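Here are a few exercises to work through with the sequence and the 3D view side by side. Try each task before you read its solution.

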Amino acid sequence: MDLKTLEESHMKSVVLYRTDSMKFRELKKFIDVSLDAGVDGFWKKELSKRAKIMHARRQEALSYYMLFKNWRALLGGSVHTNEAQVIKHPLSISNNFKEVDSIFNMHDVLSQLDSREFYKARKTNKFEGTYEIRLPAETGYTQFLKVLVDDAISNSFSIGYSLTPSEWLSGYKVDGKRKIRLNSFLRRKGHSQYVLDYYSLSSKDDKSRKVYVTISATPQHIAGMSFYSSGDWLTYSGTSCLDPRNGYDEATQLVGALADDSLFVAMLHEKKDISNLKGAMKARTVCRLIDYNEKVCCIGSKLYGSKENKSLLQKCLVALNRYGVFPYNQVKGEDSLKIQASGRAVFTFERNPETIEDSQNETCFRCRGERFLFLDNGEGIQDKVPCISCNDSNVIERTVTPLAEHYVHYGNTIELKINENILK
């Protein structure tokens, strides 16, 4: 963060606020003097308009002041300009339903479906593309300071301490004559659990590196959001339950993901070419297109990958804040936001003849005789659906929505908890 540039922005906003304040006072004085002669509604509306402009300028000046004050405290007055460099490239790949078919053919239910019937074109947006991100040395340190500042502003307190790169790297803060764990120190200073979790998860590797993050809603990337895994994720044998190769029933929720016109996937990879991502997706998160308070944002959800690569993806998403992209942990809060969404998909399929015989001879291995399955729809919500193996009918109808994590999907709407101050 360049303190000099931030200070200049603050001073400029102060000058604009003072100018608008002077114009407001002059207009009010004119109206007060003219009261006896009668003042029409035009001037009263103009005064109200000037008051709103003055208030907005004041809020802007205060915001810059708090940013400058908190950054100056953290950096001890020094100037730090070592930020991530980002180049955005257009998405270099088009819809490939043949690839979707090859992925779906690995699952006994998905193989019976035509993905073209369910895929919905995404809403017009500015987020899709491949972002070339160069993370310089100390990027982790710089981004952690940004997390601290955002947290202080969103929770309405000022930062009154400094944090050096060596303290960030070691995990200990020198507080007077004592050395205490940094997380304990930050908790005492009033920081949220998100800050503590962010620090615990983040990598302290200070080496410069270049990576790529692609935000896409092509059907093959939606269907392959786990199939393309690099194989070292911390879940489900290195992928996730949405990988058709694993045979889990949750994989059918990929159909709901295809049908959701506000759903995207953000993928971390090391090469610019995305024509063949099999085995190359280092980490990923499902993103939601959010139109909030006349500001369109792209907000991630649960991160998948190894610990190191989840941390790396999170850093990249923070670097993409300038494009309106955020990891969920950065914006989560207690303010409830509900928006319209598609994503409810209905389809029919035939049971596998092999499982019919198995379910007749012994207790069904899928539902253990309950005849119904419960698919996790995120946030503790489960959808009750007929068992694939032992339903009464050979032809089963199923209704699914996307697997929702860190938000709730109701079919026609979604609900997520955010901190409105971050998105302002």
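**Exercise 1.** Work out in which sense strands S3 and S4 pair, and over how many bridges.

*Solution.* Keep in mind that this is a predicted model.
- Find S3 at residues 172-175 and S4 at residues 178-181.
- Follow the pairing: S3 and S4 run in the antiparallel sense, with four bridges.
- Pick out one pair: Ile180 in S4 stands opposite Lys173.
- Now look at the link. Two residues sit between S3 and S4, making a hairpin. Gly176 in that turn has a positive phi of about 70°.

**Exercise 2.** Give the strand order of the open sheet that contains S11, and find which strands stand at its edges.

*Solution.*
- The sheet has three strands in the order S11-S17-S16, and the pairing is antiparallel.
- S11 and S16 (408-409) each have a single partner strand, so they stand at the edges and one side of each lacks a neighbour in the sheet.
- Check the S11 pairing with S17 (residues 413-418): seven bridges join them in the antiparallel sense.
- One pair to click on is Leu337 with its bridge partner in S17, Leu416.
- As a reminder, strands of a sheet pair through backbone hydrogen bonds.

**Exercise 3.** Decide how H7 and H10 are oriented: roughly parallel, roughly antiparallel, roughly perpendicular or oblique?

*Solution.*
- Start with the axes of H7 and H10 (residues 307-319), which come within 9 Å and cross at roughly 125°.
- Compare that with the cut-offs: 65 to 115 degrees counts as roughly perpendicular, and over 145 as roughly antiparallel.
- The angle fits neither class, so H7 and H10 are oblique to each other.
- Next, list who meets whom. H7 brings Tyr198, Ser200 and Leu201, while H10 brings Lys307, Ser311, Gln314, Lys315 and Val318.
- Sorted by class, this contact has three nonpolar, three polar and two charged residues.

**Exercise 4.** Describe the lining of the second largest pocket: which elements supply it, and which classes of residue does it have?

*Solution.*
- The volume of this pocket is about 290 Å³.
- Its lining has 17 residues, and those nearest the centre are Asp151, Ser192, Lys332, Gly333 and Asn419.
- At least two lining residues each come from H4 (139-154), H7 (193-201), H11 (328-331) and S11 (332-340). H4 gives the most, with four.
- By class, count four nonpolar, eight polar and five charged residues.

**Exercise 5.** Now do the same for the second largest cavity: how much space does it hold, and what lines it?

*Solution.*
- A search of the whole structure turns up two cavities of 30 Å³ or more. The second largest has about 60 Å³ of space.
- Its lining residues include Met225, Leu242, Leu254, Arg284, Val286, Pro402 and Glu405.
- The elements giving two or more residues to this lining are H9 (254-259) and S7 (283-292).
- By class, the cavity lining has eight nonpolar, one polar and two charged residues.

Notes
Residues are numbered from 1 along each chain as its sequence is written. This is a predicted model: local features need pLDDT of at least 70, side-chain atom pairs count only at pLDDT 80 or more; totals for chains, interfaces and linings use all residues. Side-chain values use heavy atoms; hydrogens and water are left out. On a 1 Å grid over the protein atoms alone, a cavity is a set of points where a 1.4 Å probe fits but cannot get out, and a pocket is an open set with protein on both sides within 12 Å along at least five of seven lines; lining residues have an atom within 4 Å of a point. Grid points are joined across faces, edges and corners, and a volume is the space filled by probe spheres set on the points. Ala, Val, Leu, Ile, Met, Phe, Trp, Tyr, Cys and Pro count as nonpolar, Asp, Glu, Lys and Arg as charged, and the others, Gly among them, as polar. Axes are lines fitted to C-alpha atoms, for helices over the stretch in contact, and angles run from 0 to 180 degrees between N-to-C directions. Angles under 35 degrees count as roughly parallel, over 145 as roughly antiparallel, 65 to 115 as roughly perpendicular and the rest as oblique. Contact means heavy atoms within 4.5 Å. Two strands pair if DSSP finds at least two bridges between them.
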